[in-house]
Amino acid sequence: MINQTFKMSLTFLRNDLHRHPELSNREVRTAGIVAERLRALGFDEVKTGVAHHGVVGILHGAKPGRVVAVRADMDALPIQEPPDRPYASTVPGVMHACGHDVHTTVGLGTAEVLAGMRGEFAGTVKFLFQPCEEGPPAGEEGGALLMVKEGALENPRPEAVFGLHCFPQLPVGTIGYNFKEMLSSSDRFVLRVKGKKTHGAYPHRGIDAVVVASSAVMMLQTIRSRFIDQQQPVVMTIGSIHGGNRHNIVADEVVMEGTVRALDETVRQETERLIKQILHGVAESSGAECHVEYERSVPATINDPELVERMLPSLIREFGEEKVVRHGPRMGAEDFSFFANEVPGMFFSLGVANPEKGITAGIHTPEFDVDEDCLPVGVRAMTALVLDFLKS
């Protein structure tokens, strides 16, 4: 099914996508390549322009049967890649630092394998090539949520959806899974503290927004340690804080930005409530004003346990028990969750690390890379899951 020539074609495709990364909601070239390849493979239907630049391909088998979906995301990140790789990004300040070039390549590789086997299986495979997984630019919609809104899961509606993600904590050749929680939710907030400007020599005549914000930051750290059940994972990070305009002027405004990650929806909601309660309390006790903008971005990615249990033997058959590893949930987020909230989903991890080659860096860093031997592994895994699901 996967010979050396096919492996080389996967590598060539991944390198091409890596050299030409495109940001969220700007995946014009990538979507064009995907649509052209699906049409060349003889797909029964190829729909473009879904959620801006998404592509939906439908492949029917020899006979009617079950319907299953495969999802692959396509967008890149605003990160400058070091130029010392032969396949380094040619787009200044943009890089495939999360492996979506790998995901797209695996999706197209799986499409090619299944198109060549369409006379051997019954049922329908729907491919969802998704833009904007990293989140839409300000003022825009996008990603999996918009694809769902625009009917990407309808006509026909899949009974299950499979997706994968590069995982640099696992060595190449391995697959990671979990029965339920895979990835956390992801929320974003902006906190604005408004005080009163005055001369730095006379702070009693103003309201120091920096002091109020500092108190708020310290109090917010108690949410995890004092207000949330210690058995429930939650992360709250203040990633940005800005305020003031001169060394001898009391600042009248501080703006903080941060993120909340949780695996449990109740914990997610409670953390949002506590952030607002704490900030308002700190501000009120200091005579300041506060404003909270809280954006509930992406829900947690929760695998369907029955689907995972049913499909796990397929992965073990392909790779052996020692190469199929159960790992705990991670606090990163993925908008695959919007698909998995609609139909049973199974999201799994694709090992991409190779310490002997120096490939160990985490996602969302300039040093991130993959051992391209992961490409045929991803295709084998996805193909096995699809075919076995259709047979089940």
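Reader: Which residue caps the N-terminal end of H1?
Author: Asn 3 does, with a side-chain oxygen 3.2 Å from the backbone nitrogen of Thr 5. This is a predicted model, in which local features need pLDDT of at least 70, side-chain atom pairs count only at pLDDT 80 or more, and totals for chains, interfaces and linings use all residues. Residues are numbered from 1 along each chain as its sequence is written, and side-chain values use heavy atoms, with hydrogens and water left out.

Reader: How far apart are the end C-alpha atoms of H1?
Author: They are 23 Å apart, which agrees with the 22 Å that its 16 residues, 4–19, should span at 1.5 Å a residue (1.5 Å times one less than the number of residues).

Reader: And which residues of H1 are buried?
Author: Phe 6, Leu 10, Leu 13, Arg 14, Asn 15, Asp 16, Leu 17 and His 18 are buried (under 20% relative accessible area, 1.4 Å probe, protein chains only).

Reader: What do they pack against?
Author: The buried residues of H1 pack against three helices: H2 (28–40), H3 (100–116) and H10 (374–391).

Reader: Turning to the whole chain, how many helices and strands are there?
Author: The chain holds 10 helices and 16 strands, taken as DSSP runs (H or I, at least four residues; E, at least two).

Reader: How much of the chain is buried?
Author: Of its 392 residues, 54% count as buried.

Reader: What share of contacts joins residues at least 24 apart?
Author: That share is 81%, among contacts (heavy atoms within 4.5 Å) between residues at least 6 apart in sequence.

Reader: What box do the C-alpha atoms fill?
Author: Along the principal axes, the box is roughly 80 × 45 × 40 Å.

Note on methods
Buried < 20%, exposed > 50% of the residue type's maximum accessible area, 1.4 Å probe, protein only. Polar contact = N/O pair within 3.5 Å; in protein donor to acceptor, adjacent residues only side chain to side chain.
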